[in-house]
Amino acid sequence: MATIDSSTGNDSPHNFICGVVEGFYGRPWTTEQRKDLFQKMKKWGMNSYVYAPKDDYKHRAYWRELYTVEEAEHLTGLINAAKAQGITFYYALSPGLDITYSNQKEITSLKRKLEQVSQFGCMAFALLFDDIESEMSEADKDVFQSFAHAQVSITNEIQQHLGGAAIRFLLCPTQYCGTRALPSVTTSEYLSTLGSRLSADIDIMWTGPKVISKVLTTACIEEITGVLRRPPVIWDNLHANDYDQKRMFLGPYMGRSPELIPLLRGVLSNPNCEYNANMVPIRTLAHWANCSIDANTNANSIAAEIKLEQEGSEDGDEDTPICINKHVYHHRQALREAVAEWLPEFAIEKIAFGPIAKPQPIVNIAAVPIIPIIPSVNTCMSLTTTTATMNNCTTSMASGTIPTVNTSQLQALADICTTISAENFNPIPNPIMNSLVSATKVITNESIPNPIPPLVSSNMALPSEIPVTTISVPIMDLKSFGDIESENSKLALEIITKEYNIESNESEINSTTVEDVKNTAAIETKINANADEETLISNNGHKNNMKDGAQTINEDNNTNVTVDDRDEHKELTNGAMSIEELSPNNNSETAMEYTPEQETAPSTINSENSSQQHQKEMNNIDLGSPNQDIDVVMTDESSENGAMQVESIINHSKNEMVVELHTNSDDNLTVDDLMLLCDLFYLPFEHGSQALKLLQEFNWLKCNAPVLIGLGKNSSQGARKGVVNKSEYQEWHGHAQKFNNLCERVGQLARRLSQCNNRELLHDICGYVWDLRAVVGILHSYVKWLALAKFPPNICHYTQGSYTWFSNGWKEAFMSGDQEPWVFRGGLTADLQRLIPIDNGNDLLAYRPPTSPTSELYTIRPYIESDKDQIRKICHKTCKDGMDCSELFPPDLQTLPADKLVDPYLSLLPEHCMVIEGEPGEVLGYACAAPDIKIFQRRCELEWAPRMRRKYPPKLMNSQSSIDSFVKTYIQSFYQFKYTLPDLVHRFHPAVMQCYILPMCNDHSAPKRLVTALLAALRASGSFGVHVCINTSDHYLNQFYTKLGFAELNQDSANNHTYLGRTF
């Protein structure tokens, strides 16, 4: 067991350094959070803290600048707070970006800066030379023999200047891990020079074989110890998450045996950016440091004491606590103890300010090198190319050559949720941040330039190949599936033709080829990638259109969308399946074109009343701000001494979040809830047990769904006869119930989290939970749809997908630790997203969390018969380009719009309708579709239109001469059918859909999730492209579908129709 020294003096070098390094990229922690950390560290027996936030104002970008009086007060307060808790406060500086090692003025600036901090009471320091160019300037080349000699010279001089052996001193080298060591750890001249020439009183930091090392072994520690001639201090990035916007890590400290402790100088955890997400990582590290035996490696000797991996709770988890010797470390036992200690934190009343925002800067990129994926927030990523090192293995690594994979293929594997085209992408540097001018906020100032270039604008080259475990990736054969789709279409049409003796025009059914798909992809590129999901159900774009003149709408990315005004004196003609508004003087008896693919409703009669009414209806929608991810603000002015002036972000009297005490036991978080949370966001190379169950259960249900329609797992005869095997049927539904329970637990966790009193903690983790809950909801809706058993026999061919957790080699590569974890981007959320049976849907899976936590959890589910009346009402309230259409119809014909627009789908294809449900039974929106529009049209003519003719007889038009001509023509459409669908639209986008959502639905992600669920059902039915047909004058619907990824396919000016579509 290690002896953890908690004093602040320079004691024996054998005292184990154990603590935290705040060394990540992105928003630093606040002063109050650091003080809270010191208290916890003392309680847990830890002893060291390193102040090294990469993006803090004067740590790296402006390292030469001295602290102002205000900043000095905050920093002095931190140093004193650490001393009061017995914590050694290391002040770190990162001058390597632009320092000239041979310039005496630079050395003087460095000394002056550290002298100033020493006057604040600091007695421990660190110089960090990580993530910098390894090339020296010409001036330095004339003075120093090598880069290592330059760093050693300046480090030794600074250490001696500050007090020599009387102070503690750390150095982070440029080659700080095995993959950064050139050419290898044992042969690196750089590391050898550090070991031989650096003062013996200076400790050297090391991350292990990789930047983020899955495992630290005795061999690799002994190897680096021999080269450095001293035991290393491990800078441990196991829980760092600044390289991935979708992941936080709540799993226990593992992959390092406590038996390593005697071989190390210390361990410093560089954890999650979100301070409040670090209870488990730091607490389990403290637990580990006080143990001497590893339960996993000594399982045989302590088998009687530990059975955590085999014995679980009622739901099958392996977390049942048992008595274990206090010197034995078992990661699951440590996790449960840490979670039990974390639970009370959620009940502490704390207020959060501003919208939910991740501390990392938001950078959307696509089609960029995998290494790195998020350029400006990459943990310990070098700005220089590592091509030469990618295939090198240190002697501590397993012998043998690691297979390589083409990086373009791996980019496809890692491409998750990117919606912004890489073309003309200009990376933005991190904003300047300062955590030393406010106790509770991190202040940003965009007026001060950041001298650190974004990583993607550096000279980093992407290697053509990188090592990876052999990955066999199934790639979907678009041509073969297109052929299958075409054959199914023909078969279905054949059946209808024979049944109703209709002549079939076979030329109308076109087969899809790979080349066709490539050609139509060019159309898809017209999608407005700048549209943000927050405006999908917004009123900003729509109600502004009511004003006279061309209106310009500022989208989230400041792209201007020009919307033409509407002529109040011109009656606009709409296409079929929407309400046509013909001029009162137009008594034309021309047959109305009946095209059921059109879900649009009447073009708006721009009367003042209708405009005001619609604006009132849409007022409840909260669009959010394009800059809501900025959680703090700073004035652009500076004081005379350079101090940044803080400006309050909000008016506390109005916007301060109200904290309510929750006494309902059903709303209280439990240890099991937090264990689930930790399993869902476990570790970089591993998903927790309950996360794996989510993946496995859904994949099993998807792969075995054919048993529901008689396609038994082992019986080909049953498949031909369509005989459902009872035992297989029950087995499937048993797995569905297990998956349902898991989904319900995730929803319950999200709801309980949203109601906790600690809003600061909630804001730190809410975004991650929101993303995960959203994708779990989509998968849950798909399983419910599968349970309807309304899919074709060859469903598995349509939904096999590619690059999933279950693809050959994917899971093994993820868990091996051979690759840095940013290669497998997105974590569990991404792995679940990949299981959704749609392609080209990344834009539908990218959405921001709500601006503030909410307990409103909207459910996406299949339509049931009891939803019919509510769906008809929603259609009526929104079908006039998003507005209510009541004023357009006589009182006795108010059912006409819903009968025409949505009833065909509900009557003929109810299985292809999805709804958004708020409170149980409350429908807030719907989306319905038909897999093939031409087959759907024929069914409408044969099965649905006769019923409409009985409901709306011809005499109705003659008996009510007062009704508008467009209403008469509307009724005529039930009697006279004329198909007007461009062949090109049907060829690549045969499915048709419509989607309407009430303004009261405040979940900005709901439209995307609803459409994703519907597209998954269409994909399972053999459709790979969908279209909508709207009136050219319907501005709101045009914007709505554009934000859902639809691109314009065709304009029919003669009929005032615009066709929009997307593939999936």
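**Figure 1. W342 and F346, two buried aromatic residues.** In this predicted model, W342 is buried, and F346 is buried too. How many aromatic pairs does the structure hold? The count is 33. One of them can be followed ring by ring: the planes of Y51 and F89 meet at 20° and their ring centres are 6.4 Å apart, so this pair is stacked. W342 and F346 also form a pair, but theirs is tilted, with 55° between the planes and 5.0 Å from centre to centre.

**Figure 2. Y51 and F89, a pair between two strands.** Let us stay with the stacked pair and look at where its partners sit. Y51 belongs to strand 2 and F89 to strand 3, so their pairing ties together parts that are 38 residues apart in sequence. Are these two residues buried or exposed? Both Y51 and F89 are buried. They also have company: ring pairs link them with F38, Y49, Y67 and Y91 into a cluster.

**Figure 3. Strands 2 and 3, side by side.** Here the backbone takes over from the rings. Strands of a sheet pair through backbone hydrogen bonds, and this can happen in a parallel or an antiparallel way. Strand 2 (residues 48-51) and strand 3 (residues 88-93) run parallel, and four bridges join them. If you would like a place to start looking, find S48, which stands opposite T88 in strand 3.

**Figure 4. A closed barrel of eight strands.** Step back a little from the last view. In which order do the eight strands of the barrel run? They follow 1-2-3-4-5-6-7-8 with parallel pairing, and the barrel is closed. On average, neighbouring strands of this sheet are turned by 25° against each other, with direction ignored. Helix 4 (residues 104-119) lies across strand 3 and strand 4 (124-128), and runs at about 160° to strand 3.

**Figure 5. Helix 6 and its surroundings.** Helix 6 has 16 residues, and at 1.5 Å a residue they should span 22 Å; the C-alpha atoms at its ends are 23 Å apart, which agrees. Why can we call this helix largely enclosed by the rest of the structure? Because twelve of its 16 residues are buried. Among them are F147, A148, H149, V152, I154 and L162. The buried residues of helix 6 pack against helix 4, strand 4, strand 5 (168-172), helix 7 (189-197) and strand 6 (202-206). Just after the helix comes G163, whose phi is positive, near 140°.

**Figure 6. I158, a close look at one residue.** I158 has its place in helix 6 (residues 147-162). Its relative accessibility is 1%, and buried means under 20%, so I158 counts as buried. Which residues does I158 touch, leaving aside its neighbours within four places in sequence? I158 is in contact with I107, L110, K111, L114, L127 and F169. For another landmark, look for F125: this residue is 33 residues from I158 along the chain, and their C-alpha atoms are separated by 9.8 Å.

**Figure 7. The whole chain, for orientation.** The secondary structure of the protein chain comes to 33 helices and 25 strands. Of its 1064 residues, 61% are buried. Among contacts with a separation of 6 or more, 80% are between residues 24 or more positions apart. The accessible surface of the chain comes to about 39,600 Å², and carbon and sulfur atoms account for 48% of that surface.

Definitions and conventions
Residues numbered from 1 in each chain as written. Predicted model: local features only at pLDDT ≥ 70, side-chain atom pairs only at ≥ 80, totals over all residues. Heavy atoms only, no water. Buried < 20%, exposed > 50% of the residue type's maximum accessible area, 1.4 Å probe, protein only. Contact = heavy atoms within 4.5 Å. Areas by Shrake-Rupley, 256 points an atom, 1.4 Å probe, with all protein chains shown as cover. Pairing = 2+ DSSP bridges. Axes fitted to C-alpha atoms, helices over the stretch in contact; angles between N-to-C directions. Expected span 1.5 Å × (residues − 1). Phe/Tyr/Trp six-rings, centres within 6.5 Å; stacked < 30°, edge-to-face > 60°.
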